[in-house]
Amino acid sequence: MKLVTGSLNLKRGVYALIIIFALLAFAFSTTTLSRFYSQKPSSFFNNYLNPNIDHQEVTLNNLVDTIIEKLVEEIRESRSSKDKTRTQYATFLTEILTLTATIRSRSQEHLHSQEAKTAIEATTIDEEFFLIEEIRKYIRIKPNRLRKQNFMGANGTFTSIGHACFAMKEELEEYMNYDVGDFCNDDWKLAQRLMVHGCDPLPRRRCFSRAPKYYTKPLSINESLWNIPDDLNVRWSNYRCKKFSCLGELNATGKGFFKCSDCFNLTLHEKPRWIEPVFIDQSSNVTADIMIQDVLMIKPGEIRIGLDFSVGTGTFAARMRESNVTVVSATINLGAPFSEMIALRGLIPLYLTINQRLPFFDNTLDIIHTTRFLDGWIDFVLLDFVLYDWDRVLRPGGILWIDSFFCLEKDLDDYLFAFGMLRYKKHKWIVVPKVDKNGNEMFFSAVLEKPGRPF
């Protein structure tokens, strides 16, 4: 009986000792955290960027950074192993890494700067955490070296990535996995896939883009507009075609570009566009085409700069250049080197997807033209966002030229309603049948003028 009683007393003593140590640890943790979080987030961040910085906070941040680096190293080693236990261990460490990174990012949250009254939101990482160091460095807040607010009232530089980038974690990590200062991988196709799927704009990278191996001098501006460029000036590695002449040979070789093969035929197909109308029915004068000079005469001398948001090789911009109008061509390389072709013609390619807000300030452009792009595939809500953004950058009195938009006949009224919601002045408004689809599709073209809206 005494032996049993002694054993029980020993166990109680051990349990009591464990409880005491647990209470001490809890008290110590609570005291430390209360001291760490006693400041408001903005106070913490401002002190971090202030010359009179609290060294304890800096030490804590450095400690968390060290923990993150060690976790990343351990995860990489574990993932390289084929052992199932090591893989599960890596998954567990990844969860710990995510939590640690969240603590680190939240410790950098900051509120208003009392001097500038400017709200600055800290970069936070939700749900996913990127293991590639270059991504983490890119999205991390970059404090101003002079530790002073800049003219915009910010104490640092804040970079971000879109929410779609988290859904494409593996692709983005592959894109950002490179050696700093070395040549980038020939991965523009991966980059474009990220952009088209909403990870747009992409983060910057610290590697050199690859150029064509035997780049030649481009043609002079007097020759470049209507001549096919040298094949050597394009990296063809990610295309089925390996030269410009192949792009228009879809039926002959099976290797051509299906979306806009005629766009690369400058002499026969491109040169007459917007100069000579194409009649849908040769027995009548029915056409959806509108001529450039007819549009320019609506605002004589007032159309100077604009945007062409289309699929093409820059022919609209070339024709407008001949009329002393500067047009930027927004495009991506949809299976063919559109951007290179436009640039080699002496025009300006703007590498831009439909996901992105136009990089122009409000009320600045004289004209926006679109053809072969915003057609009957586009969702009505997305079309609303696009049209309102175009309205934003068009100046009062600016021209919106909808060129040969086509859709199913049953959807026509809904699309016309979307364009009509802008309440623009109608200079031209054309609806004609598109005869190559058994009468099930319609063409719509219009030249519209943005109202002043002074209030």
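**Close-up views of a predicted model**

**View 1. A cavity with helix and strand in its lining.** In the second largest cavity, α14 (315–322) and β4 (326–331) each bring at least two residues to the lining. This is a predicted model, so keep that in mind for every view here. β4 is the top contributor to this cavity's lining, with 3 residues. Altogether, 16 residues line the second largest cavity. Lying nearest its centre are D308, V311, G312, T313 and G314. How big is the volume of the second largest cavity? About 100 Å³. Counting cavities of 30 Å³ or more gives 2.

**View 2. C165 and C199, joined by a disulfide.** Before we zoom in, here's the general idea: a disulfide is a covalent bond that links the sulfur atoms of two cysteines. The count for this model comes to 3 disulfides. In this view, the sulfur atoms of C165 and C199 sit 2.0 Å apart and form a disulfide. Which parts does this pair tie together? C165 belongs to helix α6 (residues 163–167), while C199 is in the loop between α8 (188–196) and α9 (221–224), so the disulfide ties together parts that are 34 residues apart in sequence. The link of C165 and C199 is right-handed, with 95 degrees about the S-S bond. Are these two cysteines buried or exposed? C165 has 0% relative accessibility, which is under the 20% cut-off, so C165 counts as buried. C199 is buried as well, also at 0% relative accessibility.

**View 3. C184 and C207, a disulfide between two loops.** Here C184 pairs up with C207 in a disulfide, and their sulfur atoms are 2.0 Å apart. You'll find C184 in the loop between α7 (169–175) and α8, and C207 in the loop between α8 and α9, so this pair ties together parts that are 23 residues apart in sequence. Why is the disulfide of C184 and C207 called right-handed? Because the torsion about its S-S bond is about 100 degrees. C184 is buried, with a relative accessible area of 5%. C207 counts as buried too, at 13% relative accessibility, since that value is under 20%.

**View 4. C241 and C246, a left-handed disulfide.** This view shows C241 joined to C246 by a disulfide, with 2.1 Å from S to S. Which way does the link of C241 and C246 turn, left-handed or right-handed? With -65 degrees about the S-S bond, the link is left-handed. Both partners are tucked away: C241 is buried with a relative accessible area of 2%, and C246 is buried with 9%.

**View 5. C407, another buried cysteine.** For this stop, look for C407. C407 has a relative accessibility of 2%, which is under 20%, so C407 counts as buried.

**View 6. A nonpolar patch on the surface.** Now for the outside. Which residues make the nonpolar surface patch? Y388, F417 and M421 do, and the patch comes to about 330 Å². As for Y388, this residue is found in helix α16 (residues 380–393). Y388 has 48% relative accessibility, and that falls between the 20% and 50% cut-offs, so Y388 counts as partly exposed.

Key. Residues are numbered from 1 along each chain as its sequence is written. This is a predicted model: local features need pLDDT of at least 70, side-chain atom pairs count only at pLDDT 80 or more; totals for chains, interfaces and linings use all residues. Side-chain values use heavy atoms; hydrogens and water are left out. A disulfide is a pair of cysteine sulfur atoms within 2.5 Å. Helices (H or I, at least four residues) and strands (E, at least two) are DSSP runs, numbered from the N terminus. Buried means under 20% relative accessible area, exposed over 50%, partly exposed in between (1.4 Å probe, protein chains only). Patches are made of residues with over 30% relative accessible area and no salt bridge: like charges are joined within 9 Å, nonpolar side chains (Val, Leu, Ile, Met, Phe, Trp, Tyr) within 5 Å. Accessible areas come from the Shrake-Rupley method with a 1.4 Å probe; for residues, only the protein chains shown count as cover. A salt bridge is a side-chain nitrogen of Lys or Arg within 4 Å of a carboxyl oxygen of Asp or Glu. On a 1 Å grid over the protein atoms alone, a cavity is a set of points where a 1.4 Å probe fits but cannot get out, and a pocket is an open set with protein on both sides within 12 Å along at least five of seven lines; lining residues have an atom within 4 Å of a point. Grid points are joined across faces, edges and corners, and a volume is the space filled by probe spheres set on the points.
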